[in-house]
Amino acid sequence: MVRDEYADDPTESQRRLHELASAATPHELRDALEQLLGFGASRVDDLLNAPPPSRRRPRRSEVVTYRVRVDLQGTKPPVWRRLELASDLFLDELHEILQVAFGWTDSHLHRFGSGPQYYGRDTEYYLCPWEVDEGEVGVGEHEVRLDEVLVDGGDRLFYNYDFGDDWQHTVKLEAVGDREGGAPRAVCTAGRRAGPPEDCGGVYAFELIVAATDPTHRDHAEGVIDFARHYGEEVDPAMFDLTPFDAAEVNEELADLGIDAPRSDTVLPERLDELLAALRTTPARGRLLRLFDEASLDEPVDVLPETAARMVAAYTWLLERVGDEGIQLTGAGYLPPVHVAAAMDELDLRDEWIGEGNREHLTPQVLNLRVSAQKLGLLRKHRGRLLLTARGRAVRTDPVALWWQLAERMPPRSTDEAEAQAGLVLLVAVAGRNARDLDRVVADVLEAIGWVSGDGARLQEWAAARAAWETKTVLRRLGAVAREDGSRPRDHPTTDGVAFARAALQTWPD
């Protein structure tokens, strides 16, 4: 029998155990734990996968101002930003603030961590919405307030963006101060160096780009050579955009996030409340609330008879054309050519379309008019005939009543959830006189709900436009939106369209 010479030295025993564990494979470690603890494999797996104890502390009773410095780890000299933040910000809001501060485009996953270091079994993770949906171990970032993870000067929080390039940020609390009334909830006060470009390959590649693109850099000559080795001779370093840090520009973008938007006192219609609840992040809800405020939903809406008559002229024409007797449809369920040609001529639609204009399925202007009239409760099909509904019959000679009928039924009913939400967002943007790109506004809100393109990529404007197509088609026919001329034509709200969209948002049929 041999006595273990280290038995009386627990520190040395721990060192030896650490050496053995470091050299073991995960499978060997699991076997060792099963033998050591006397547990079965499933119990050992539970222990290995168990979440760490919560590192969150009680929230402050009063909101204060945190001064933090955020450093991008591994950069030399460090890329950093100094921010003044309201202590009651949630981490999903902090995520968007950091994206703006460093010039990221929010094109990748991210995760916060609180612990001795970012990677570690003692670190508690705060997850982005996608990870929450996937059932990853951690807490949703939207549930965690900044003052739960940063309390005293020197406290640190970790933020990882793009798990491939692995951009590690350290958020360090420098000071805690009183909060002045009306102060912005996020302000950038200082910083150094441009943020890295997306998808460049991580810190090492970023420093190569900096050296290769800056003739004054001390390692410029070597950087050009190393860059060519890393990326290839055919890649031009100038393709990577390094925008110099500008605190004023950062603060302009922070102001656009919507995190300062107060909750409106306006009582929202149920469908707008549902749209608000569908958003996955606090900043997105703030931006949508600001859109609601811009839409002035509590202002009364009225329409002059002459305005209503001008806007609903195409629908009035169609209702009169169908008349009391209705129209016998073709065997395929379309309007006969004579009616299609009449619509093109009498509604002056020929400038909008090429072709003969006598086949409804080949003439989208007429097809969309007829289909939208059905969806908006004015027409119906019965035994191969197109007929007026009771409501269509009641409003066909009353332009104001027809105008309100159309408003009450907008956006056109759809069984596709994305289309229904897109149409609603489009109306909000029009009601708020939103002169920005309407399709981009729709895309941003749909993306915040969780919709993505078919390949999982960020939702593009064309996809948002397609989702809102039926709503926009009606708005165009009413003259509620008009097409701008230019190299990149865009739709913009008209004065008549603002009132119509506001009326549509204020009403909803039983």
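This passage walks through a few local features of a predicted model, from a pocket and its lining to backbone quirks and charged side chains.

A good place to start is the second largest pocket, which holds about 510 Å³ of space. Its lining is made up of 20 residues, and the ones closest to the centre are Arg193, Glu207, Val210, Ala211 and His217. Two elements, α7 (203–213) and α8 (220–231), each give two or more residues to this lining. Of the contributors, α7 has the largest share, with seven residues.

Next come some backbone details, beginning with the prolines. The peptide bond that runs from lysine 76 to proline 77 is cis, and its omega is near -10°. Proline 77 sits in the loop that connects β1 (65–72) with β2 (79–86). Further along the chain, methionine 410 and proline 411 are also joined by a cis peptide bond, this time with omega at about -5°. Here the proline falls between two helices: proline 411 belongs to the loop between α17 (399–408) and α18 (417–431).

Another backbone oddity turns up at aspartate 106, which is not a glycine and yet has a positive phi of about 55°. This aspartate, too, is a loop residue, placed between α4 (91–102) and β3 (110–114).

That leaves the charged side chains. Salt bridges come to a count of 28 in the model. One of them pairs aspartate 439 with lysine 472, whose side chains meet at 2.7 Å, taken from N to O. The two partners are 33 residues apart and link distant parts of the chain, with aspartate 439 in helix α19 (residues 438–449) and lysine 472 in helix α21 (residues 469–478).

Elsewhere, charges of one sign come together on the surface: Glu249, Glu252, Glu253 and Asp256 form a patch of negative charge. As for where that last residue lies, aspartate 256 is in the loop that leads from α9 (247–255) to α10 (270–278). None of the four patch members takes part in a salt bridge, because residues that have one are left out of patches by definition.

Key. Residues are numbered from 1 along each chain as its sequence is written. This is a predicted model: local features need pLDDT of at least 70, side-chain atom pairs count only at pLDDT 80 or more; totals for chains, interfaces and linings use all residues. Side-chain values use heavy atoms; hydrogens and water are left out. Patches are made of residues with over 30% relative accessible area and no salt bridge: like charges are joined within 9 Å, nonpolar side chains (Val, Leu, Ile, Met, Phe, Trp, Tyr) within 5 Å. Accessible areas come from the Shrake-Rupley method with a 1.4 Å probe; for residues, only the protein chains shown count as cover. A salt bridge is a side-chain nitrogen of Lys or Arg within 4 Å of a carboxyl oxygen of Asp or Glu. Lys and Arg count as positive and Asp and Glu as negative; His and the chain ends are not counted. The place of a charge is taken as NZ of Lys, CZ of Arg, CG of Asp or CD of Glu. On a 1 Å grid over the protein atoms alone, a cavity is a set of points where a 1.4 Å probe fits but cannot get out, and a pocket is an open set with protein on both sides within 12 Å along at least five of seven lines; lining residues have an atom within 4 Å of a point. Grid points are joined across faces, edges and corners, and a volume is the space filled by probe spheres set on the points.
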